[in-house]
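Visitor: I'm new to this one. Can you walk me through how its parts fit together?

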Amino acid sequence: MSEKEASIPVAIVGAGPVGLAAGLELQRFGVPFRIFEEDTALSNKPKAGTILPRSLEIFAGEGVIDGVLREGLRFDEVHFIDRPSDKVLTRMLMSPMADETRYPFIVNLPQSDLEAQLAAGLTRQGHEVAFGHKLVSVTQDAAGCHLVLESPQGTVKVEAQFVLACDGGRSLIRHQLGIEMEGVTHPERFLVADFEVDLDRRTGRQLTYLSYIFDPEEWVIFVRQPRFWRFLIPVAEGAPEPTQDEVVEKVRRVVKNASLPINFLDMGIYHVHHRAANKWQDGRIFLLGDAAHLITPVGGLGMNTGIQDAHNVAWKIAWVLKYGATEALLTSYEQERAPIARLNARNQAERNREIMRMKSPIKRMVRNAILGWMDRAEGLQWQAAHARSLLGTSYKPAPKPPSLWSQLRTARHFQRPAVGIGERVPDGELLGSDGQSCYLHDLLHRGFVALILIDPRTRVSIDPDPPGLTQYLLHRFDAAFDTGLRDRALLDKGGRMTRKLGVPSHYFILLRPDGHVAAISPFQAASSAVDAYRQYIGHNAPRANANRAAL
Ligand SMILES: Cc1cc2nc3c(=O)[nH]c(=O)nc-3n(C[C@H](O)[C@H](O)[C@H](O)COP(=O)(O)OP(=O)(O)OC[C@H]3O[C@@H](n4cnc5c(N)ncnc54)[C@H](O)[C@@H]3O)c2cc1C
């Protein structure tokens, strides 16, 4: 039997966390889409379990944060422990992010529970994943993309203007497009096992909810999940897969309690890759998540990076479909996200893996001394938390971590740097023109935002908002009703947000719907922010009073 579906703007292939997040993002901007998943239900494999603050901000924008916080385990302290000496070498705190975000903490939640929350967010808006739909081929031409799927009802043909390939590490779409994954597969594998066990009271030390235990022979990661403990260890090349009993004994040895009662729940063993696709966009098809990058799972970055991919590409597609943005905007997806995935994989995941298993005693001594020093330097704590939380993700042309010199210079006497183009804007509380408290990031739910840093008493003239942009005046002086600016006034209590932004007065800052800075410029004419917006999204953008393009 063959069935032809009506053409849809966006087809998402794969209902893993990244495909579901991509659906939520498109839903946020009112773009019709379908998600096709080959399995008959969401996955329940023991995989990701750590959600970083930037992903929490994204989930807030997608309307699913309440469920994630309700089901998850929240904590703000990660421990790095030297197994031979049993010493905590350093604690990474998320609390330095308290002035940056409403979510200065990590949430542990099994990937399967997170996926259930994301799917529920879609269902609340009337979207259902098309389970049992396996993509078997995708082609594209000038008219769009043509997908063929196998379903229990027979072959289904779908036409879509854009395809988001969220079909995981073995991506069929990537193979069909002939895109290579560059990088390496490590010889060791990782074993993940879940247990019911009391590690809070029945061991010599109280473990925090995420502990990296360094050991040249066998490193260990303990991740507390809301209802059980997760344990990760390497399995050496060629070594047989440990049995359940052997894994239980390993846990007892690590926590030095030979009679610890343990109830084994589940276990999985995974190959470990450090790879990225050499191309993330082919015409109207985009690779996201594990289809585009495979990141060593030491550091909880694979899924978190994929969630940011969805957050980056979805609004761009929405602006092309709805607001006349040129397709050139879409090419920025790969330009922005590919370097970030490589940076996260190399500087966080791979580095973590290396330092956990360091063999040379001299290198270990230097490592331990540096980590011990980090623990005491406020500036380094801020920079480490900013990077680790992924709140520091920046789409500057060549994203680089801060140099060692700049880290050392600001280690003790730290001041937040001014925001720059490409960076994520910090969140913060403001007072809206209706007198209600509001958060800067919430204003971005509707689209681009221009914050004009001008005292409303100057009665500055501002052009009307074009579709997709809202302009505000941000100042610690409120706008009186007879200035004509009251509706645009955001009260910056005590000038706190202005100080955080570090942008001079009489400038405007243009923010994209994903919270990254598109432009910072002097506000020289009534049209300054509108011109910058139109230039950013391309030249086809409709004027203020044009109707929204029908989808
Ligand atoms: C042990 C372990 C621990 C991890 N811990 C973390 C962590 O703490 N934090 C973190 O951020 N990341 C972690 N990760 C990584 C994380 O699990 C992955 O990055 C994440 O699953 C990627 O999501 P995805 O949606 O891109 O792909 P997937 O989760 O692989 O989903 C792809 C989906 O596409 C479907 N699909 C595939 N082919 C087709 C087709 N032809 N037609 C239709 N559907 C198809 C699949 O059935 C699947 O449902 C961990 C990974 C492992 C192995």
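Guide: Let's look at the domains and where they touch. Keep in mind that this is a predicted model.

Visitor: Okay, which domains does the assignment give?

Guide: Domain 1 and domain 2. Domain 1 is written as 2-72 + 110-182 + 274-351. Domain 2 covers 429-537.

Visitor: How many Å separate their centres?

Guide: 32 Å, taken over C-alpha atoms.

Visitor: And how many residues are in contact across the two domains?

Guide: 16 residues of domain 1 contact 15 residues of domain 2.

Visitor: What area is buried there?

Guide: About 1200 Å² between domain 1 and domain 2. Carbon and sulfur atoms give 54% of that.

Visitor: Why talk about area?

Guide: The accessible area lost when parts come together is often used to give the size of an interface.

Visitor: Switching topic. How many salt bridges are counted between the domains?

Guide: The count is one. In the model, Glu336 forms a salt bridge with Arg512. Their closest N and O atoms are 2.8 Å apart.

Visitor: How many residue pairs are in polar contact between the domains?

Guide: Seven, with both residues at pLDDT 80 or more.

Visitor: Which elements on domain 1 give two or more residues to the side touching domain 2?

Guide: Helices H2 (53-61), H7 (302-322) and H8 (328-356).

Visitor: Which gives the largest share?

Guide: H7, with five residues.

Visitor: What classes of residue make up that side of domain 1?

Guide: Seven are nonpolar, four are polar and five are charged.

Definitions and conventions
Residues are numbered from 1 along each chain as its sequence is written. This is a predicted model: local features need pLDDT of at least 70, side-chain atom pairs count only at pLDDT 80 or more; totals for chains, interfaces and linings use all residues. Side-chain values use heavy atoms; hydrogens and water are left out. Domain bounds come from an automatic or database domain assignment. Contact means heavy atoms within 4.5 Å. Buried area is the accessible area (1.4 Å probe) that two parts lose on being put together, summed over both. A salt bridge is a side-chain nitrogen of Lys or Arg within 4 Å of a carboxyl oxygen of Asp or Glu. A polar contact is a pair of N or O atoms within 3.5 Å; within protein, one must be able to donate a hydrogen and the other to accept it, and residues adjacent in sequence count only if both atoms are side-chain atoms. Helices (H or I, at least four residues) and strands (E, at least two) are DSSP runs, numbered from the N terminus. Ala, Val, Leu, Ile, Met, Phe, Trp, Tyr, Cys and Pro count as nonpolar, Asp, Glu, Lys and Arg as charged, and the others, Gly among them, as polar.
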